[in-house]
Amino acid sequence: MHRMRKNKDLYKEKREGVVVRNTGSSYIVRTDDGAEVPCRIKGNFRIKGIRTTNPVATGDRVVVAKSADDADYITEILPRKNYIIRRASNLSKESHILASNLDLAALVVSLREPSTPTTFIDRFLATAEAYSVPAILVINKSDMWDEDDRELAEALKILYCGIGYGVYFTSATTGDGVAELLDELRGKVTLFAGNSGVGKSSLINALIPGAALKTGRISDIHHTGTHTTTFSEMLPLPGGGALIDIPGVRGFGTIDFEPEEVSHFFPEIFRTSDGCRYGNCKHTGEPGCAVVPAVERHEISQSRYASYLSILEEIEEGDKYRKPF
């Protein structure tokens with residue numbers, strides 16, 4: 001349970017609802033009677049002792065109550081079905097909850113301006129696996145692709161579909177793939193995440209006519225995006241469901257992983273590990289390991305295995321995630 005210490009006499013008119021906007025210092029809660037209530041919080045919420053920069057996340061079901069001064073406060077977080085969390089920053093020991101109570105996580109990536117590294121993709125997917133959130137990959141900006149880009153996109157689709165993830169090609173500019181993606185998202189509460197500059201806001205504007213999210217231009221020098229979303233917000237989808245739009249992230253540091261469980265979050269590695277001689281094999285060259293030979297035979301992608309090793313190394317060395325993936 002996630003409760004605040006409070007004096008019952010200080011609060012009145014309790015209502016339940018869903019957090020639909022989180023600026024970091026204030027919240028909007030859509031109550032079950034349809035009202036949108038600006039709220040603040042008092043006290044501390046904790047998850048398993050992990051320090052978080054945002055104790056209340058978009059998607060949380062909460063209890064809202066009026067205080068003696070007639071202001072509305074979030075006084076309780078109701079039990080979460082799930083959530084996705086990442087390291088708050090490259091040098092931080094704190095974590096940041098991206099969203100909670102999700103049916104799906106959609107990672108939006110691009111092949112150019114900017115190019116999204118597979119390490120970033122794999123860390124996101126591993127985190128989704130760790131917190132029991134189904135995930136898909138959306139490769140955006142298909143209107144910009146040349147022949148080499150198209151081949152790369154098809155290779156990524158074969159790779160990730162082979163593991164079990166849905167992969168969608170989209171263009172917010174031309175509308176290609178938008179209807180197909182909307183069919184996948186409809187009726188679900190979906191976290192919509194991605195690097196800055198991958199066209200996430202433009203894609204949301206294509207999916208939700210009237211959303212009118214701000215879009216930013218790509219840096220000519222660094223070919224990276226500018227942050228156009230500065231808070232997280234739940235946006236209703238046409239035909240049902242919702243997207244939780246979050247600020248673009250430049251890094252995705254994993255948190256709260258144990259070394260022996262990392263392979264569980266890479267489905268193809270976990271399946272192959274059934275053939276390992278030892279149950280505690282870390283797949284780094286131990287005798288009788290089935291995973292390393294599978295990588296050498298190209299049955300497991302080298303890029304996926306490298307991502308696995310990078311997470312393992314980070315945990316075992318206690319190193320903070322510093323690379324700007």
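## An exposed serine after helix α1

Let us start at a single residue. S132 counts as exposed because its relative accessibility is 59%, and exposed means over 50%. This serine is found in the loop between α1 and β10. The structure here is a predicted model, so every value below is computed from that prediction.

The backbone of S132 deserves a look as well. Its phi is positive, about 60°, although S132 is not a glycine. Most residues other than glycine have a negative phi. As you follow the chain, S132 comes after α1.

## The protein as a whole

Now step back for a wider view. The protein has 325 residues, and 52% of them count as buried. Its secondary structure comes to seven helices and 14 strands.

How do the contacts spread along the sequence? Take the contacts between residues at least 6 apart in sequence: 67% of these join residues at least 24 apart.

## Helix α1, largely enclosed

Helix α1 covers residues 118–130. What span should its 13 residues have, at 1.5 Å a residue? The expected value is 18 Å, and the end C-alpha atoms are 18 Å apart, so the two agree.

Ten of the 13 residues of α1 are buried, so the helix is largely enclosed by the rest of the structure. The buried residues are T119, F120, I121, D122, R123, F124, L125, A126, T127 and A128. Which elements cover them? The cover includes the strands β7 (83–87), β9 (104–110), β10 (135–140) and β12 (189–194), together with the helices α2 (147–163) and α7.

## Two residues to find: F120 and E314

F120 has its place in helix α1. With a relative accessible area of 0%, this phenylalanine is buried. Try finding L107 too: F120 and L107 are 13 residues apart along the chain, and their C-alpha atoms are separated by 9.9 Å.

E314 belongs to helix α7, which runs over residues 302–317. Is E314 buried or exposed? At 8% relative accessibility, E314 counts as buried, because the cut-off for buried is under 20%. Which residue does the side chain of E314 meet in a polar contact? The partner is the side chain of R123, and the contact is 2.9 Å. R123 is one of the buried residues of α1.

## Around L137: helix α2 and strand β11

L156 lies in helix α2 and counts as buried, at 10% relative accessibility. Leaving aside its neighbours within four places in sequence, L156 is in contact with L111, T118 and I139. The C-alpha atoms of L156 and L137 are separated by 9.6 Å, and these two residues are 19 apart along the chain.

L137 also helps us locate G166, which is found in strand β11 (residues 166–169). G166 and L137 are 29 residues apart along the chain, with 6.2 Å between their C-alpha atoms. Which residues does G166 touch, leaving aside its neighbours within four places in sequence? They are A135, I136 and L137. G166 is partly exposed, with a relative accessible area of 26%.

## Where α3 crosses α4

Next, look at helix α3 (residues 178–185) and helix α4 (residues 200–207). Their axes come within 10 Å and cross at roughly 80°. That makes α3 roughly perpendicular to α4, because angles of 65 to 115 degrees count that way.

Which residues make the contact? From α3 they are V178, L181, L182 and L185, and from α4 they are L203, A206 and L207. By type, the residues of this contact divide into seven nonpolar, no polar and no charged. A general point helps in reading such a list: an α-helix has 3.6 residues a turn, so residues three or four places apart point the same way.

## Two more backbone details

Most peptide bonds are trans. The bond joining E113 and P114 is a cis peptide bond, with omega about 0°. P114 lies in the loop between β9 and α1.

H298 offers another positive phi in a residue other than glycine, near 65°. Where is H298 found? Its place is the loop between α6 (291–296) and α7. With a relative accessible area of 72%, H298 is exposed.

Technical notes: Residues numbered from 1 in each chain as written. Predicted model: local features only at pLDDT ≥ 70, side-chain atom pairs only at ≥ 80, totals over all residues. Heavy atoms only, no water. Axes fitted to C-alpha atoms, helices over the stretch in contact; angles between N-to-C directions. Helix = DSSP H or I, 4+ residues; strand = E, 2+ residues; numbered from the N terminus. Parallel < 35°, antiparallel > 145°, perpendicular 65-115°, else oblique. Contact = heavy atoms within 4.5 Å. Nonpolar A, V, L, I, M, F, W, Y, C, P; charged D, E, K, R; others polar. Buried < 20%, exposed > 50% of the residue type's maximum accessible area, 1.4 Å probe, protein only. Polar contact = N/O pair within 3.5 Å; in protein donor to acceptor, adjacent residues only side chain to side chain. Expected span 1.5 Å × (residues − 1).
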